[in-house]
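The paragraphs below lead from one pair of strands to the sheet around them, and from there to the interior and the chain as a whole. Please keep the sequence and the model open side by side while reading.

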Amino acid sequence: MKLSTEQKAIIEHITRPLGDGERAVQGGHLVNVPAVAGSGKSLVIVEFGRRAGQADILFLAQSRNVVDRARGTLPSNVTARTVYEMAVRHVRLTHKDKLKTPAVLGGIPRQQIKARFPHVTSVEIERALGILTRFYQTKGSFPEPMHLPDPDPQHPDWRNHEMDRKQAVSVARDIWFSQASRDPESLPLTFDAIIKLWTLSTAETVTIDKIDRRITLSPLGKHDIVILEEAQDSSEALLDFIARQRVSIITFGDPFQALRPGNLAIQQLRHPLHQRADTIFMGESYRFGPAVAGVLNALTHKAGSQHKNRITGLGTSSLHGAEQRFTWLEKGLHYTHIADQPASLFLAALEATRWDKRIAWVDGISSYPVQLLLDLARLGAPPKQNAMHQQPPPIQTPWVRQCASLDAAHQYASQRNDALGMSLCNLVANHLTPTLPDIIQGWISDDHQRQQAMLKHWSAPPARDITLTTVIRAKGHEFPRVMIDPDLAPPHLFQQWAIKGSWRRAIHRLYTALSRTQFAAAVPDVVLAHLDAHQWPRVANPSEDTFDDLKDNPHPHFGIHRHTLLEMTPAHRDKRCLMAPAKKTATTASGHTSTRERLEANAKALEGTSVEELRQQLPMSRARRNRLHQQ
């Protein structure tokens, strides 16, 4: 396996022998690797796993897509799991009576909390759940005042009153202790609560009912080394938990791909675990070329990086304005459209439908809120002229079913601070026609047919012109041609070079989307105009002839069909049809047949032999042999 100098240095560092003093202090290697997009992290992990063939390695990541991708490449001594998969495997053994059913809730139903704690008001429940949301992500064994949301000095509320704060913390503790209880009748565990419970666990003895055996269960199993990918998206609770383990720890992350709200120190890889570790930076990207790397360097500089040349692009790529997508479509070249919000993605799908283009969706359309969009379209669409007396299709989303009109649905979503619901209401209102529900239903039907076709013939998937995805789902992957949606480049980011700290996450999303590019990218014109206005140096594009006949070349580690797998729903990826193993020919005798034939041959040879003669042929025991020898 050919490695760069940068990659070799990392592998040699994490495979070097540790002194007794280092091992006694930290339990193993402790390495932090900040790495830019496309720097070959996967290659480093694969080669490290191969060299450490005797070690039991755990690969942890936040994203299921990242883990699915890793499972097809890592050596057999490396186990790849999401953080939630690792947590739920452990908690299903420690809380087996409580988690007998496979369903895990995304949130605790308010009715169950009210039934268990009748004295608590609905307002206090909402406050307590806000405290728990913060508690799940941070350190601590139970909710404390430090988990309270920060008060707003401009608008004083309950957080400024001591009695209200104490009551909210008390209710949050009651809810958490009930969740953590192993009593089947206690409050249910949610996704975040399961991960929190795992991070607080220690080794304990449990009984495995299937084999009726007691075993010592460790939170990390028997793994010697933990590799944490997407470290910038980790919670404080997870990093504190990993830091307590007596194992080697290697973290990979990119501070500029932190897409969700969280601890700023962790997102910038400055947690105490990172500060104690040996830090090795990977700044060379083999995914894209200098043209794309130059824009990414500008974005990181706007987001606070002190280095204007943080990324070195060693690939080949070109950078264009937004109109380039029409050139790709005219030439029949497939591209991937990346947006921030689902509403923007659905708008792009409407445009593609008007152009009569074939659409695919990363993770399948069922992974997006398309049912909510369809229900809103059915709620607001006027009846067709030829269907005045037909019964309209039922609305499946409960809260939409309660609304009398699209305006009422928008008002209801606004009252709940439901940004997704409001954005989809606005999308439907702006593009409302009698045929809009049919268009959306057509997307669902087309994707269903595509999923079934990929299940049967996944090596020859149906053709598509445009693949749609959000930046969250695109993270961890790369695509030959990328179109950046305008919602990833809001105008307020480009009014001046310096930006507010609260706007950095928007820059991170644009950076993450653009860094998915392999060969060509089309970005909103406002981005290029902003760079030119501030005289940021831009690298000229290679010749267009280099890209016109570009094929989706097989990836050196992930195979030629990686995009097919990405466009399948997560539930379908493991069900895809593989070639059935060849049956044994009739001339090949099975083990049972050979054994039977041998026994029958021996029995025929011993026909007519008396019992005494057979007894004499038996092997002599050691005691009898000793007696005969003494005589």
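In which sense, parallel or antiparallel, do strand E2 (residues 57–61) and E3 pair, and over how many bridges? In this predicted model, E2 and E3 run in the parallel sense and are joined over five bridges, with Leu-60 standing opposite Arg-81 in E3. The two strands belong to an open sheet of six, arranged in the order E3-E2-E6-E7-E1-E8 with parallel pairing. At its edges lie strand E3 (78–82) and strand E8 (278–279), each of which pairs on one side only.

Turning to the interior, the largest nonpolar core comprises 83 residues, and Leu-319, Phe-346, Trp-361, Leu-376, Trp-443 and Leu-514 have the most contacts inside it. At least three of the core's residues come from domain 1 (5–79 + 221–283), and at least three from domain 3 (290–368 + 434–572). Apart from this core lies another, of 50 residues, which includes Leu-187, Val-226, Leu-239 and Ala-277. To look at a single member of the largest core, Leu-376, one may set aside its neighbours within four places in sequence, whereupon Leu-376 is found in contact with Val-400, Leu-406, Ala-409, Gly-421, Leu-424, Cys-425 and Val-428.

For the protein as a whole, the secondary structure amounts to 29 helices and 16 strands, and 47% of the 631 residues count as buried. When contacts between residues at least 6 apart in sequence are considered, 75% of them join residues at least 24 apart. The accessible surface comes to about 33000 Å², and carbon and sulfur atoms account for 52% of that area.

Key:
Residues are numbered from 1 along each chain as its sequence is written. This is a predicted model: local features need pLDDT of at least 70, side-chain atom pairs count only at pLDDT 80 or more; totals for chains, interfaces and linings use all residues. Side-chain values use heavy atoms; hydrogens and water are left out. A nonpolar core is a set of buried Ala, Val, Leu, Ile, Met, Phe, Trp, Tyr and Cys residues joined through side-chain atoms within 4.5 Å. Buried means under 20% relative accessible area, exposed over 50%, partly exposed in between (1.4 Å probe, protein chains only). Domain bounds come from an automatic or database domain assignment. Contact means heavy atoms within 4.5 Å. Two strands pair if DSSP finds at least two bridges between them. Helices (H or I, at least four residues) and strands (E, at least two) are DSSP runs, numbered from the N terminus. Accessible areas come from the Shrake-Rupley method with a 1.4 Å probe; for residues, only the protein chains shown count as cover.
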